[in-house]
Amino acid sequence: MNISIVGTGYVGLVTGTCFAEFGVAVTCVDSDAAKIEGLRAGRIPIYEPGLEAMVERNVRAGRLEFTTDLAGAVRDSLVVFVAVGTPQDPHHGRADLTYVMQVAESVAAHLNDYKVIVTKSTVPVGTGRKIREVIEKHRKGATPFSVASNPEFLREGSAIEDFMRPNRVVIGAEDERAAEILKDLYRPLFLIETPIVVTDLASAELIKYASNAFLAVKISYINEIARLCEAVGADVHAISRGMGLDNRIGRKFLHPGPGYGGSCFPKDTRAIIGTAEEHDVPMRIISAAVAVNDGQCDLMVEKIRKVLGGLKGARLGLLGLSFKPETDDVRESAALKIIDALRRAGAELRAYDPVAMDRARAELPGLVCGADEYDIAAGADALVLATEWNQFRSLDLPRLKTIMKRPVLVDLRNVYTPEDVRAEGFVYECVGR
Ligand code: NAD
């Protein structure tokens with residue numbers, strides 16, 4: 001089977017490469033000519049563990065290719081996955097479907113035979129139906145096609161593992177033919193008994209938003225509980241463990257911190273609220289989660305201010321810029337929001353991240369970065385741990401103490417044990433403990 005993936009970003013590149021690994025012939029398409037040129041020359045545009053070797057292997061085997069030629073890719077494919085961005089519309093909370101609809105029009109123009117057009121991008125309920133309308137309007141003749149939804153649940157940083165061993169695959173299809181073709185594509189996962197949820201288009205579209213919003217709610221929930229812990233002198237980690245061991249609750253996503261960020265949760269929570277508003281259904285729980293998250297970075301900045309007795313002129317070193325470890329993605333990163341607030345409050349800041357410094361500098365012009373953890377700590381009034389890369393988990397505290405102006409560690413990810421850090425003579429601040 002030949003398939004194409006339109007949009008070769010974090011999702012499209014991983015999806016295309018993993019399908020090629022399954023033995024499928026995959027063409028990855030992107031409108032960004034520089035990105036495609038780079039990929040053809042073996043340059044991977046994103047940092048994702050394990051991806052480079054897998055791309056190389058599949059390109060060499062002739063199963064994976066990269067092009068800007070959408071027309072050719074569509075003509076040769078039975079299945080066309082749409083994996084372009086669906087950013088938040090700047091004018092309201094809803095998802096901007098411009099790129100998705102551009103692809104739908106192009107697919108229509110080159111529809112030469114029956115095809116399944118599948119949204120991998122996160123798209124609001126009703127998008128599949130709109131794609132059908134656009135293709136029917138723009139296709140020449142009456143070539144049959146199906147529209148399907150196959151939302152992606154991978155996490156950046158462990159994207160390959162998540163694609164290869166998913167908790168479930170969701171397939172929303174208009175008809176049996178499309179559902180069977182997609183099930184066939186995912187056949188390698190049957191061997192590991194991956195549950196496949198086959199449903200209608202609208203339900204599949206909504207499963208993605210309902211899942212992301214639920215995880216966002218869990219994060220905001222524990223962050224609010226952490227605030228209460230600080231007020232009453234309880235330990236949020238004990239609470240998370242005590243709650244999480246209950247199978248009905250589960251242990252994941254009960255870790256307090258500076259709030260959720262990244263390219264998905266912030267926009268997807270707002271988008272589901274927007275969709276619900278259009279149908280006069282208030283999303284009170286998700287709205288509360290968004291409001292808690294919106295205030296979380298300010299609370300973190302307040303913590304830093306309090307421990308230093310003021311921010312103006314303070315010299316800070318900040319560890320970690322990506323929205324989470326093992327990725328270079330800085331979209332909606334809490335670290336960047338905190339840096340912005342700290343700079344506005346008059347702090348002098350230097351940052352370090354193992355892979356995300358270039359992307360962060362593009363977002364925050366003038367951001368000063370250092371060579372490593374110790375370089376940015378030299379002469380600092382405080383070190384702020386914003387993103388918990390593994391290499392920040394075993395900092396040499398005695399060394400830091402000798403090079404910092406003041407031995408202050410603000411650990412926004414609760415990586416360290418308070419007693420251990422304090423025993424080294426540090427002032428230590430964390431979240432909810
Ligand atoms: P991205 O910005 O990394 O990649 C999108 C790519 O689409 C870009 O390379 C862009 O050049 C390309 N593109 C845009 N318009 C195009 C067009 N008309 N033709 C061809 N290419 C075009 O985005 P991403 O993070 O991969 O996210 C893609 C979708 O997947 C979004 O809807 C997102 O919500 C969803 N998603 C993302 C993740 C994640 O962790 N990043 C996880 C699950 C779902």
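# Exercises on charges, burial and contacts

The side chains of Lys 267 and Asp 268 meet in a salt bridge, with N and O 2.9 Å apart. The model is predicted, so that local features require pLDDT of at least 70 and side-chain atom pairs count only at pLDDT 80 or more, while totals for chains, interfaces and linings use all residues. Residues are numbered from 1 along each chain as its sequence is written, and side-chain values use heavy atoms, with hydrogens and water left out.

## Exercise 1. Salt bridges

**Task.** State how many salt bridges the count comes to, and whether Lys 267 and Asp 268 are buried or exposed.

**Solution.**
Step 1. Apply the rule: a salt bridge is a side-chain nitrogen of Lys or Arg within 4 Å of a carboxyl oxygen of Asp or Glu. By this rule the count comes to 27 salt bridges.

Step 2. Classify the burial. Buried means under 20% relative accessible area, exposed means over 50%, and partly exposed lies in between (1.4 Å probe, protein chains only). Lys 267 and Asp 268 are both buried.

Step 3. Look for shared partners. Arg 132, Glu 136 and Glu 174 are joined into one network by salt bridges that share partners.

## Exercise 2. Two pairs with unlike sequence spacing

**Task.** Locate the partners in the salt bridge of Glu 152 and Lys 120, then do likewise for that of Glu 180 and Lys 183.

**Solution.**
Step 1. In the salt bridge between the side chains of Glu 152 and Lys 120, the N to O distance is 2.8 Å. This pair links distant parts of the chain, 32 residues apart: Glu 152 is in the loop between strand 6 (145-149) and helix 7 (159-164), and Lys 120 is in the loop between strand 5 (115-119) and helix 6 (127-138). Helices (H or I, at least four residues) and strands (E, at least two) are DSSP runs, numbered from the N terminus.

Step 2. Both Glu 152 and Lys 120 are buried.

Step 3. Glu 180 and Lys 183 have their closest N and O atoms 3.3 Å apart. These residues are separated by about one helical turn, because they are 3 residues apart in helix 8 (residues 176-185).

Step 4. Glu 180 counts as partly exposed because its relative accessibility is 36%. Lys 183 is also partly exposed, at 23%.

## Exercise 3. A patch of negative charge

**Task.** Identify which residues gather in a patch of negative charge on the surface, and place Glu 424 within the chain.

**Solution.**
Step 1. Patches are made of residues with over 30% relative accessible area and no salt bridge; like charges are joined within 9 Å, and nonpolar side chains (Val, Leu, Ile, Met, Phe, Trp, Tyr) within 5 Å.

Step 2. The patch consists of Asp 235, Asp 396, Glu 419, Asp 420 and Glu 424.

Step 3. Glu 424 belongs to the loop between helix 18 (418-423) and strand 14 (427-429). Its relative accessible area is 35%, so Glu 424 is partly exposed.

## Exercise 4. Buried loop residues and their contacts

**Task.** Describe the surroundings of Tyr 260 and of Arg 413.

**Solution.**
Step 1. Tyr 260 is placed in the loop between helix 11 and helix 12. Its relative accessible area is 6%, and therefore Tyr 260 is buried.

Step 2. Contact means heavy atoms within 4.5 Å. With neighbours within four places in sequence left aside, the contacts of Tyr 260 include Ala 216, Ile 219, Phe 265, Pro 266 and Asn 293.

Step 3. Arg 413 lies in the loop between strand 13 (408-411) and helix 18. With a relative accessible area of 12%, Arg 413 is buried.

Step 4. Leaving aside neighbours within four places in sequence, Arg 413 is in contact with residues including His 255, Pro 258, Phe 323 and Glu 388.

## Exercise 5. Positive phi outside glycine

**Task.** For Glu 193 and Glu 326, give phi and the exposure class.

**Solution.**
Step 1. Glu 193 is not a glycine, yet it has a positive phi of about 55°. Glu 326, likewise not a glycine, has a positive phi of about 65°.

Step 2. Glu 193 is in the loop between helix 9 (187-190) and strand 8 (196-199), and Glu 326 is in the loop between strand 9 (315-319) and helix 14.

Step 3. Glu 193 counts as exposed because its relative accessibility is 68%. Glu 326 counts as partly exposed, at 26%.

Key. Accessible areas come from the Shrake-Rupley method with a 1.4 Å probe; for residues, only the protein chains shown count as cover. Lys and Arg count as positive and Asp and Glu as negative; His and the chain ends are not counted. The place of a charge is taken as NZ of Lys, CZ of Arg, CG of Asp or CD of Glu.
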